[in-house]
Every structure is written in structure tokens, then in C-alpha cells.
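Here's a quick briefing on how the helices in this model pack and what a handful of residues are up to. Have a look at the structure first, then go through the points below.

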Amino acid sequence: IYEQIVERVKLLILKDVLLPGEQLPSVRSLAMENATNPNTVQKAYTELERQGFLYTVPGKGCFVAPKNVELLREENLKQIEKE
């Protein structure tokens, strides 16, 4: 399930629904919205941060990283080349 959250957030970033610097929903609220365990959402956010799509501000939450669109385009080009 965390992989689905990761892909959905990436898609929202690519479609400019989530803009650089925009705050994402809290782990608890997203977990309640998706009827999933908060640990699953936290794992997804951690993975997105590891990949460079998010950054965390302690006590404030997770935000969309400024260079995420470039990273997404590169990732999509790699996927297209594989097909």
C-alpha cells in the first residue's frame, strides 16, 4: 500500500496539483483518509524523502521539494526507455 501512496504523490506532483513548497497532509490525517495504518503512510513519506521528492521540517510536517519535477521527468524518461 505504501508504494501506491508513493506513486500517487508523485503523480500529483507531476500534474502540478502539489507545488514545490506545499505542505502535505499529516501522517495521521492521510492514514485516516485512506483507512490505513499511520506507519504505512510514514514509510511512504520516508521513501519520497529518500528519493528527493519531499523534505521534512521537524514540528511542521512534510513539504514538496523544489526540484521534484526534474526528478520525476528523469524517472519517467527512464521508464519509457525500458518499454
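**Helix packing and a few residues to look at**

Helix H1 (residues 2–14) packs against H3 at an angle of about 50 degrees, and their axes sit 8 Å apart. Keep in mind that this is a predicted model. The angle makes H1 and H3 oblique to each other, and their crossing is right-handed.

**H1 against H3**

- On the H1 side, the contact is made by Tyr2, Ile5, Val6, Val9 and Lys10, and on the H3 side by Thr40, Val41, Lys43, Ala44, Glu47 and Leu48.
- Sorted by class, this contact of H1 with H3 has 7 nonpolar, 1 polar and 3 charged residues.

**Zooming in on Glu47**

- Glu47 belongs to helix H3.
- Is Glu47 buried or exposed? With a relative accessible area of 18%, Glu47 is buried, because the cut-off for that label is under 20%.
- The side chain of Glu47 has a polar contact of 2.6 Å with the side chain of Arg50.
- If you skip the neighbours within four places in sequence, Glu47 is in contact with Tyr2 and Val6. Tyr2 and Val6 are also among the H1 residues that make the contact with H3.

**H2 against H3**

- Helix H2 (residues 27–34) and helix H3 (residues 38–50) pack at an angle of about 120 degrees, again with axes 8 Å apart.
- H2 and H3 are therefore oblique to each other. The band counted as roughly perpendicular runs from 65 to 115 degrees, so an angle of about 120 degrees falls outside that band.
- The crossing of H2 past H3 is right-handed.
- Which residues meet here? Val27, Leu30 and Ala31 come from H2, while Pro38, Val41, Gln42 and Tyr45 come from H3.
- By class, that gives the contact of H2 with H3 6 nonpolar residues, 1 polar residue and no charged ones.
- Val41 turns up in both sets: it's listed for the contact with H2 and for the one with H1.

**Zooming in on Ala31**

- Ala31, a residue of helix H2, is buried, with a relative accessible area of 2%.
- Leaving out neighbours within four places in sequence, Ala31 is in contact with Thr36, Asn37, Pro38 and Val41.
- Measuring tape out for Gln42: C-alpha to C-alpha, Ala31 and Gln42 are 9.0 Å apart in space and 11 residues apart in sequence.

**The loop between H2 and H3**

- Ala35 is in the loop between H2 and H3, and Ala35 is exposed, with a relative accessible area of 75%.
- Ala35 isn't a glycine, yet it has a positive phi of about 50 degrees.
- Asn37 lies in the loop between H2 and H3 too, and Asn37 is partly exposed at a relative accessible area of 41%.
- A polar atom of the Asn37 side chain lies 2.7 Å from the backbone nitrogen of Asn39.
- For a long-range check, take Asn37 and Leu77: they're 40 residues apart along the chain, and their C-alpha atoms are separated by 33 Å.

**The loop between H1 and H2**

- Asp16 lies in the loop between H1 and H2.
- What's the phi of Asp16? Asp16 has a positive phi of about 60 degrees, although it's not a glycine.

Notes. Residues are numbered from 1 along each chain as its sequence is written. This is a predicted model: local features need pLDDT of at least 70, side-chain atom pairs count only at pLDDT 80 or more; totals for chains, interfaces and linings use all residues. Side-chain values use heavy atoms; hydrogens and water are left out. Axes are lines fitted to C-alpha atoms, for helices over the stretch in contact, and angles run from 0 to 180 degrees between N-to-C directions. Helices (H or I, at least four residues) and strands (E, at least two) are DSSP runs, numbered from the N terminus. Angles under 35 degrees count as roughly parallel, over 145 as roughly antiparallel, 65 to 115 as roughly perpendicular and the rest as oblique. A crossing is left-handed if the near helix is turned anticlockwise from the far one by less than a right angle, and right-handed if clockwise. Contact means heavy atoms within 4.5 Å. Ala, Val, Leu, Ile, Met, Phe, Trp, Tyr, Cys and Pro count as nonpolar, Asp, Glu, Lys and Arg as charged, and the others, Gly among them, as polar. Buried means under 20% relative accessible area, exposed over 50%, partly exposed in between (1.4 Å probe, protein chains only). A polar contact is a pair of N or O atoms within 3.5 Å; within protein, one must be able to donate a hydrogen and the other to accept it, and residues adjacent in sequence count only if both atoms are side-chain atoms.
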